[in-house]
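I opened the notebook to look up strands, ring pairs and annotated domains. My notes follow in the order I took them.

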Amino acid sequence: MVDIATRVWNHKWKIDPIVRSLIDTDFYKLLMCQSVFRNHPDTQVTFSLINRTKSIRLAELVDEGELREQLDHIRSLRLTRGESTWLRGNTFYGKRQMFTPAFMEWFENLQLPPYHLEKKDGQYELTFEGTWPEVMLWEIPALAVIMELRGRAVLGDMGKFELQVLYARAMTKLWEKVDQLKSIPDLRLADFGTRRRHSYLWQDWCVQAMMEGLGENFTGTSNCRIAMMREIEAIGTNAHELPMVYAALAETDAALRQSPYDVLADWHEEHDGNLRIILPDTYGTKGFLEGAPDWLAGWTGIRVDSGDPAAGAETAINWWTSRGEDPREKLVIFSDGLDADKIVELHKQFIGRCRVSFGWGTMLTNDFKGLVADDALAPFSLVCKAVSANGRPTVKLSDNPKKAMGPEEEVARYKQVFGVGAQDAIDVVV
């Protein structure tokens, strides 16, 4: 097993680059990328880094030269022969050759497009522009780089023994959570923690701990490289990015209202089984489900990713019942702001009423809360989102108004089109 403290102490970035591979990314990004490659290959998009936690002044913590060095390294990466073989020949969700030859040929020749980096008011303005399939693959590595560089800035002044004690405490903290989760019968839990992880080495350690501690109840990881190296399932379906860009491309309010369903119609043509998971909250879950076509009720499940998770699950159960479906046969995936206590609570509340699964993110792979002075390693809310498509701004409403994004006038328009009324604001938990 890797001695993480020693690797940090003896750190040389060419040995331990933050992003080691083009598949050091989340599986859903590759699934979505193939769909975009097929349906919207020429759409021009802009992605931008957004730090929701303004108190973390990243440009004052993270050295610009180091950041550029890591970003330039990512642009030098190419898919290796072994990675290509794994993607081409492996079985994902019971399906061989999930990725088409045309997509794989494109991916094998991909170099991520240039980036634009500036400092403003103590923050970094990091943007990526180009065709959608290329630019979208910057999201996860960009977040991983910023998160890890911030961590390295905090760790940089620590001695070797101090680092060993720090990681021993973090390991103990995680193992106590694993012990707590062992008691849950029929638990289904996956690692969703790539984007805000403490580091690659730490995410890999967390995955191995879950594999040993939870056994078959640990279903896999969203990180493709770790899934390949550890020979476990790669987990993921789709995300808010798809409806955000489809909506921005809509020419009329009617087309805008239809756009979230157009996303899933395209997805329906490519995938079946457990990849048919609805993410309904981009423009409000209630309105989405009320207007959903009947064929969506036949899909496998729903991912609850904002708002009150229990309320979201209740809404899904009521919707399935109203459409003549048996909720006990449906899958609810909880993936927002989870930690061990919340996982235990939600599992107890909904097991037997539906199939329950969890995508555990930041508090699995980056829980260093309370372990250093001034809580300087506590995770924070950092995202990298599509902010425009073909020159039009994107909008996200969410079931939590604190997660909304987009120009004020467009947010107001979208709320009117999608019939979004008053919403309960909930503090964003990373």
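I started at one bridge: Phe 47 has Phe 128 in E5 as its bridge partner. This is a predicted model, and I read it as such.

**Entry: strand E1**

I looked up the strand pairing next. E1 runs antiparallel to E5, with five bridges between them. E1 also pairs with strand E12, residues 382–389. That pairing is antiparallel too, and I noted seven bridges. One position I checked there was Ile 50, which stands opposite Val 383 in E12.

How many residues of strand E1 are buried? I found six of the eight, so by the cut-off of under 20% relative accessible area I logged the strand, residues 44–51, as mostly covered.

**Entry: Phe 128 again**

I then turned to the rings. The structure holds 26 aromatic pairs. Phe 128 forms one of them with Trp 138. I noted 4.6 Å centre to centre and 20° between the planes. Why is the pair stacked? Planes under 30 degrees apart count as stacked, and this pair has 20°.

I placed both partners in the chain. Phe 128 sits in strand E5, residues 123–131. Trp 138 sits in the loop between helix H7 (132–135) and helix H8 (139–155). The pair therefore ties together parts that are ten residues apart in sequence. I checked exposure as well: Phe 128 and Trp 138 are both buried.

**Entry: a second ring pair**

I looked up Phe 334 and Phe 350. Their ring centres are 5.9 Å apart and their planes lie at 40°, so I logged the pair as tilted. Phe 334 belongs to strand E10, residues 331–334. Phe 350 belongs to helix H17, residues 340–350. The two are 16 residues apart, and the pair links distant parts of the chain. Buried or exposed, Phe 334 and Phe 350? Both are buried.

**Entry: a ring cluster**

I also followed ring pairs that join into a cluster. Among its members are Phe 27, Phe 37, Trp 86 and Phe 92. Tyr 93, Phe 99, Phe 103, Trp 106 and Phe 107 belong to the cluster as well.

**Entry: annotated domains**

Last, I read the UniProt record, an unreviewed entry. It lists "Nicotinate phosphoribosyltransferase N-terminal" as a domain at residues 23–146. Over that stretch I noted 48% helix and 22% strand. The end C-alpha atoms of residues 23–146 are 18 Å apart.

The record also gives the domain "Nicotinate/nicotinamide phosphoribosyltransferase" for residues 188–421. Here the chain is 42% helix and 14% strand. For residues 188–421, I logged 34 Å between the end C-alpha atoms.

How values were computed
Residues are numbered from 1 along each chain as its sequence is written. This is a predicted model: local features need pLDDT of at least 70, side-chain atom pairs count only at pLDDT 80 or more; totals for chains, interfaces and linings use all residues. Side-chain values use heavy atoms; hydrogens and water are left out. UniProt positions are given in the numbering used here, feature names are shortened, and annotations may be inferred rather than shown by experiment. Helices (H or I, at least four residues) and strands (E, at least two) are DSSP runs, numbered from the N terminus. Rings of Phe, Tyr and Trp (its six-membered ring) pair if their centres lie within 6.5 Å; planes under 30 degrees apart count as stacked, over 60 as edge-to-face and the rest as tilted. Buried means under 20% relative accessible area, exposed over 50%, partly exposed in between (1.4 Å probe, protein chains only). Two strands pair if DSSP finds at least two bridges between them.
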